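Hi there,

Here is the structure I promised to pass on. Have a look at it first, and my notes follow underneath.

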Amino acid sequence: MSLEKLDTNTFEQLIYDEGKACLVMFSRKNCHVCQKVTPVLEELRLNYEESFGFYYVDVEEEKTLFQRFSLKGVPQILYFKDGEYKGKMAGDVEDDEVEQMIADVLED
């Protein structure tokens with residue numbers, strides 16, 4: 001997976017300390033929908049190398065992070081900028097939906 005994996009410490013650093021504009025997909029290794037969404041995000045990532053980060057959290061390894069946001073099920077894609085939560089998407093997403101959300105986050 002070419003998305004960078006985050007743990008609780010790296011999540012805190014990127015989201016809150018650095019305030020990076022990014023998305024974080026909460027997923028599980030054996031999730032079929034997650035496996036379908038990941039290539040969509042990996043493809044989009046190439047268009048945003050400098051301006052927007054693409055990350056993932058394995059919910060089985062980072063249960064507390066998953067629970068912190070009261071998430072139900074995977075995949076869940078959360079968007080952040082300047083240390084603030086900007087929105088989320090759940091389930092199977094299309095690339096144009098993700099791109100629109102990224103544009104909204106970057107404009108905000």
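Before the notes, one cut-off: a residue is called exposed when its relative accessible area is over 50%, buried when that area is under 20%, and partly exposed in between. Please also keep in mind that this is a predicted model.

Let's start with Glu 107. Its relative accessibility is 66%, so Glu 107 counts as exposed. You'll find Glu 107 in helix α4, which covers residues 95-107. If you want a feel for distances, try Arg 28: Glu 107 and Arg 28 are 79 residues apart in sequence, and their C-alpha atoms are 30 Å apart in space.

Now for Ser 27. Is it buried or exposed? Ser 27 is buried, because its relative accessible area is 4%. Ser 27 belongs to strand β2 (residues 22-27). Setting aside neighbours within four places in sequence, Ser 27 is in contact with Cys 34, Tyr 56, Val 57, Asp 58, Val 59 and Val 74.

Then there are the charged pairs. Side chains of opposite charge can pair when their charged atoms come close. How many salt bridges does the structure hold? There are 7 salt bridges in the structure, and here are some that I looked at.

One of them joins the side chains of Glu 61 and Lys 5, at 2.6 Å from N to O. That pair links distant parts of the chain, with Glu 61 in the loop between β3 (53-58) and α3 (63-68) and Lys 5 in strand β1 (residues 4-5), 56 residues apart. Glu 61 is partly exposed at 42% relative accessibility, and Lys 5 is partly exposed at 38%. Both also appear in a network of salt bridges that links Lys 5, Lys 29, Asp 58 and Glu 61. You've met Asp 58 already, among the contacts of Ser 27.

Another salt bridge brings together the side chains of Glu 12 and Arg 68, at 2.4 Å from N to O. Glu 12 sits in helix α1 (residues 8-17) and Arg 68 in helix α3, so the pair ties together parts that are 56 residues apart in sequence. Glu 12 is partly exposed at 27%, and Arg 68 is partly exposed at 39%.

Last, Asp 108 forms a salt bridge with Lys 86, and their closest N and O atoms are 2.6 Å apart. This pair links distant parts of the chain too: Asp 108 is in the segment after α4, and Lys 86 is in strand β5 (residues 84-90), 22 residues apart. Asp 108 is exposed, with a relative accessible area of 55%, whereas Lys 86 is partly exposed, at 26%.

Cheers

Notes
Residues are numbered from 1 along each chain as its sequence is written. This is a predicted model: local features need pLDDT of at least 70, side-chain atom pairs count only at pLDDT 80 or more; totals for chains, interfaces and linings use all residues. Side-chain values use heavy atoms; hydrogens and water are left out. Helices (H or I, at least four residues) and strands (E, at least two) are DSSP runs, numbered from the N terminus. Buried means under 20% relative accessible area, exposed over 50%, partly exposed in between (1.4 Å probe, protein chains only). Contact means heavy atoms within 4.5 Å. A salt bridge is a side-chain nitrogen of Lys or Arg within 4 Å of a carboxyl oxygen of Asp or Glu.
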